[in-house]
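Trainee: I've got a structure open and I'm not sure how to read it. Can we go through it together?

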Amino acid sequence: MPLLSLSDVGVTRRGHTILDGIDLSLERNEIVTIVGPNGSGKTTLLRVIIGALAPSRGRVSHDASLTIGYVPQRLHIDPTLPMTVSRFMALPRRHSNDAVRRALERADAAGLADRQMSGLSGGQFQRVLLARALLTSPDLLILDEANQGLDHRGTAEFYRQLARVKRELGCGVLMVSHELHVVMRASDRVVCLNGRICCQGPPDTVAGSSAYRDLLGVDERDAVAFYRHDHAPEEALS
Ligand SMILES: Nc1ncnc2c1ncn2[C@@H]1O[C@H](COP(=O)(O)OP(=O)(O)OP(=O)(O)O)[C@@H](O)[C@H]1O
């Protein structure tokens, strides 16, 4: 049984259709990445999935006990505000010291507990956001452009960490990304969105599809070469 499924979901705002006819299932032990051009409805879809936005049509179904961990696209913390990583992990609510330690370890951020949030590098900051989303040992982990501000190597490391988290927790992972070549390497399934789902499937199949190339404006040889060049089985990523 899927962790969460969307059936014929549509979102209309001020007479404008943002999402239409979305059928999507998310499973445990699977990394799914949504790609699509600016304004294609990616963030809107994530908001529907986390329950922050009610769809205008269709149904979102999941078990009542489903726990979701969410890593936002950006989080601004006033740099003049002194706040250690441990303190940040206690916002908005406290968890046991054990739970905090475990979450930081899972996100490969164990050594950062006493550091100031304002002194973290982009990659370290993302790991702490990931650790906070892992505090509840979620069934489904959702990341909105979590690799923003990371360079190519930082992004690859972050995705390796995600693959480890998925294996350890057995959770499902859903993310939105613009990093096409890394997405191709790090995902089990890619979903191309443009208000509707244009195509979806394993990365190599999607990379070769004309719907994907037309939507993202990538050349066929580039898409497939990117995939072949960068692709490594998950074991090799860890
Ligand atoms: N509350 C709203 N009212 C009206 N229009 C909205 C609302 N929220 C989003 N939109 C519109 O819906 C479309 C999709 O927005 P969304 O942020 O979901 O796209 P996106 O794919 O995440 O874009 P980006 O890649 O630029 O972050 C855009 O045209 C946006 O202007």
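Here is a short chat about confidence, the ligand and a pair of helices in this predicted model.

Trainee: What pLDDT does the protein average?
Mentor: Start with the spread: 91% of the residues score at least 70. For the complex, the predictor gives an ipTM of 0.95 and a pTM of 0.86. As for the protein's average pLDDT, it's 86.

Trainee: Over which residues does pLDDT stay under 50?
Mentor: Where pLDDT is low, don't read the predicted coordinates in detail. The stretch you're after has 22 contacts beyond four places in sequence in the model. It is residues 224-238.

Trainee: Which element gives the most to the shell around the ligand?
Mentor: Look at who surrounds the ligand: among them are Arg13, His16, Gly41, Lys42, Thr43 and Thr44. Two elements give two or more residues to that shell, β2 (16-26) and α1 (42-50). The top giver supplies three residues, and that's α1.

Trainee: By class, how many polar residues does the shell around the ligand have?
Mentor: Set the others aside: one residue is nonpolar and three are charged. Gly counts as polar here, and Gly36, Gly39 and Gly41 are in the shell. The polar count is eight.

Trainee: Are α4 and α5 roughly parallel or roughly antiparallel?
Mentor: Helix α4 (residues 122-134) and helix α5 (residues 152-169) pack with their axes 10 Å apart, at an angle of about 20 degrees. Angles under 35 degrees count as roughly parallel. So the two helices, α4 and α5, are roughly parallel.

Trainee: Which residues of α5 make the contact with α4?
Mentor: From α4, the contact uses Gly122, Gly123, Gln126 and Leu134. On the α5 side, the residues are Gly154, Glu157, Phe158 and Val165.

Technical notes: Residues numbered from 1 in each chain as written. Predicted model: local features only at pLDDT ≥ 70, side-chain atom pairs only at ≥ 80, totals over all residues. Axes fitted to C-alpha atoms, helices over the stretch in contact; angles between N-to-C directions. Helix = DSSP H or I, 4+ residues; strand = E, 2+ residues; numbered from the N terminus. Parallel < 35°, antiparallel > 145°, perpendicular 65-115°, else oblique. Contact = placed C-beta atoms within 7 Å. Near = placed C-beta within 6 Å. pLDDT = per-residue confidence, 0-100.
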